[in-house]
Amino acid sequence: KLNPRHAVAFNNLGTSFYKLGRYRDAKDCFVQAIRIKPDYPDACNNLGSMLLLKGQYFDAETFLRRALKLNPRFVDARINLGLTLSFLSGLRDAKSHFEKALKYEPRNADALFGMALIAQMEGNFDQADSMLNRALQVHPRMPRALASQAGLRKMTSSDSAWLDSAE
């Protein structure tokens with residue numbers, strides 16, 4: 001039986017439910033953890049992260065900002081907020097959070113991947129490729145980075161072939 005006053009237990013149960021695909025139960029557990037302990041950055045990040053993945057960006061931003069207010073050096077929350085902001089308010093705000101995450105953890109593959117996404121959206125394909133390479137040095141089998149790099153290289157080689165044929 002779960003102690004109704006133990007925020008960590010609710011947060012951990014929420015994480016387990018999330019991994020099982022039981023998103024409603026996960027959300028309920030994260031919310032309960034925050035009710036019990038409003039200054040619990042892990043639960044705020046977990047709820048924000050889940051909301052981000054479900055496409056509920058405004059709600060995600062609220063909880064991720066709360067996590068960072070409680071712990072400004074919380075790298076996972078910073079990366080999640082960067083991803084959220086890339087959908088909401090533009091690339092500059094998102095990029096600043098990835099940069100701060102890298103300031104705290106220079107070899108964080110998720111932050112490097114976020115910087116690669118921003119560079120690609122800005123049209124800076126060389127920088128995107130460089131960031132993806134750095135992410136893959138840290139995590140050689142990172143599926144998102146491998147897929148993004150393959151897509152980026154295919155796209156840039158297609159663009160190059162198209163430009164060559166137009167000349």
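This note goes through one helix, one loop residue, one residue pair and the cysteines of a predicted model.

1. Basis. Residues are numbered from 1 along each chain as its sequence is written, and the side-chain values use heavy atoms, with hydrogens and water left out. Because the model is predicted, local features need pLDDT of at least 70 and side-chain atom pairs count only at pLDDT 80 or more, whereas totals for chains, interfaces and linings use all residues.

2. Length of helix α6. Helices here are DSSP runs of H or I with at least four residues, numbered from the N terminus. Helix α6 takes in the 14 residues 91–104, which at 1.5 Å a residue should span 20 Å, and its end C-alpha atoms are indeed 20 Å apart; the expected span is 1.5 Å times one less than the number of residues.

3. The two sides of α6. The buried residues of this helix are Ala-94, His-97, Phe-98, Ala-101 and Leu-102, where buried means under 20% relative accessible area, exposed over 50% and partly exposed in between, with a 1.4 Å probe and protein chains only. They cover an arc of only 140° around the axis, which puts them on the same side of α6, the arc being that of the directions from the helix axis to the C-beta atoms. An α-helix has 3.6 residues a turn, so residues three or four places apart point the same way. On the other side of α6, Arg-92 and Lys-103 are exposed, while the buried residues pack against α4 (57–70), α5 (75–88) and α7 (109–121).

4. Asn-108. This residue lies in the loop between α6 and α7 and is buried, with a relative accessible area of 10%. Its side chain reaches the backbone nitrogen of Ala-111 at 3.0 Å, a polar contact being a pair of N or O atoms within 3.5 Å, of which, within protein, one must be able to donate a hydrogen and the other to accept it, and residues adjacent in sequence count only if both atoms are side-chain atoms. Leaving aside neighbours within four places in sequence, Asn-108 is in contact (heavy atoms within 4.5 Å) with Val-75, Ile-79 and Leu-102.

5. Val-8. Located in helix α1 (residues 7–19), Val-8 is partly exposed at a relative accessible area of 36%. Val-8 and Ile-34 are 26 residues apart in sequence and 9.6 Å apart in space, C-alpha to C-alpha.

6. Cysteines. A search of the whole structure finds 0 disulfides, taking a disulfide as a pair of cysteine sulfur atoms within 2.5 Å. The sulfur of Cys-29 is 15 Å from the closest cysteine sulfur, in Cys-44, which is too far for a bond. Both residues are buried, Cys-29 with a relative accessible area of 7% and Cys-44 with one of 0%.

Definitions and conventions
Helices (H or I, at least four residues) and strands (E, at least two) are DSSP runs, numbered from the N terminus.
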